[in-house]
Amino acid sequence: MTTNVTPKDAAEWPDKAPPTAMPCTECPLRPLPLFVDHTPEELELVQSLKRRSLRVEAGETLIHEGQTDSPLYTLLQGWAFRYKTLSDGRRQILTFLLAGDFIGVQQKMGDAAAHGVDTLTSASFCVFQRDALWEIHRRSPTMGFNVTWLTAHEESLVDDTLLSVGRRSAEERIASMLILLFKRAAALQDDNGKGGVVWPLTQQHIADALGLSLVHTNKTLRRLEKRGLHEIKEGRLYLRDVKALARLADLYGDGHPPQRPLV
């Protein structure tokens, strides 16, 4: 049984807690085709650096903006998102986080976090101390490269969001988001999304990620759905015409996530 903690504030988490009983070799994500195989030595290194497991409920803050020395996390199950806010409360969602994403590495050692992370659903995390980054690079150049790859990959997701906000129309922005998030979520399912994927986003989340008003987001989603391109029903997203959505989104590539390492 894993050690489950449901904090209201990340600052309340202890520096150390009893380790999870689940070894990294039995992680349910590792057998998925989305993730590359790792050597026994690499798995042993990750296991040695893992401090605990946490379960956080939906709508809670994992990392506060301005927080110092927050831990590092691998999202094991659920959805979360990175964001920045202005002084008047306006929010820009930078990226949505799904299982397998490595969280918190953007914060420099000893500096305050420049972004926050909130959970969209109840979520489980593997937790690492910040100095784990030094140990990963020191003890395994391959795993150090993997961390660099994951960081660069997330930056590419932010770049695509910037392209949408700066140049795509509202329909193109939403079509792009639907395809990219659907395919990311589908890659974590055995049926590869044939039965749809969990869709915890509200229209406000979509608006905050794409720089749209809530009214414009609502109208655009309804318009695309009436054209038979997608359907959101009972908390699940279904893509009804992927080719038409892809043409509308003008994506670079097919949107399918590349095979990736897992920390």
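Trainee: Is N192 buried, partly exposed or exposed?

Mentor: Keep in mind that this is a predicted model. N192 sits in the loop between α4 and β9 (197–198), and its phi is near 55°, a positive value in a residue other than glycine. Its relative accessible area is 46%, and the partly exposed class lies between 20% and 50%. So N192 is partly exposed.

Trainee: What about E234: buried or exposed?

Mentor: E234 is found in the loop between β10 (230–233) and β11 (236–239). Its phi is near 50°, again a positive value in a residue other than glycine. The relative accessibility of E234 is 76%, and the cut-off for this class is over 50%. So E234 counts as exposed.

Trainee: What is the mean pLDDT of the protein chain?

Mentor: Let's take the share of residues before the mean: 91% of the residues reach 70 or more. Over residues 1–20, though, the pLDDT is below 50, and beyond near neighbours in sequence this stretch has 42 contacts in the model. Where pLDDT is low, the predicted coordinates should not be read in detail. For the protein chain, the mean pLDDT is 89.

Trainee: How do α2 and α3 sit relative to each other, and which word describes that?

Mentor: Helix α2 (residues 132–139) and α3 have axes 5 Å apart and pack at an angle of about 130°. The residues L133, I136, H137 and R139 in α2 meet P141, M143, G144, V147 and T148 in α3. An angle over 115 degrees but not over 145 falls outside the perpendicular and antiparallel classes. That is why α2 and α3 are called oblique.

Trainee: What does α3 reach from its first C-alpha to its last?

Mentor: Helix α3 covers residues 141–167, which is 27 residues. At 1.5 Å a residue, 39 Å would be expected, and the helix comes close to that. Among its buried residues are M143, G144 and V147, which also meet α2. From first C-alpha to last, α3 reaches 38 Å.

Trainee: What is the handedness of the crossing of α4 and α7?

Mentor: The axes of helix α4 (residues 170–186) and helix α7 (residues 242–249) come within 8 Å and cross at roughly 125°. That makes α4 oblique to α7. Where they meet, α4 brings residues including E171, A175 and I179, and α7 brings residues including V242, L245 and A249. The crossing of α4 and α7 is left-handed.

Key
Residues numbered from 1 in each chain as written. Predicted model: local features only at pLDDT ≥ 70, side-chain atom pairs only at ≥ 80, totals over all residues. Heavy atoms only, no water. Helix = DSSP H or I, 4+ residues; strand = E, 2+ residues; numbered from the N terminus. Expected span 1.5 Å × (residues − 1). Buried < 20%, exposed > 50% of the residue type's maximum accessible area, 1.4 Å probe, protein only. pLDDT = per-residue confidence, 0-100. Contact = heavy atoms within 4.5 Å. Axes fitted to C-alpha atoms, helices over the stretch in contact; angles between N-to-C directions. Parallel < 35°, antiparallel > 145°, perpendicular 65-115°, else oblique. Left-handed = near helix turned anticlockwise from the far one by under 90°.
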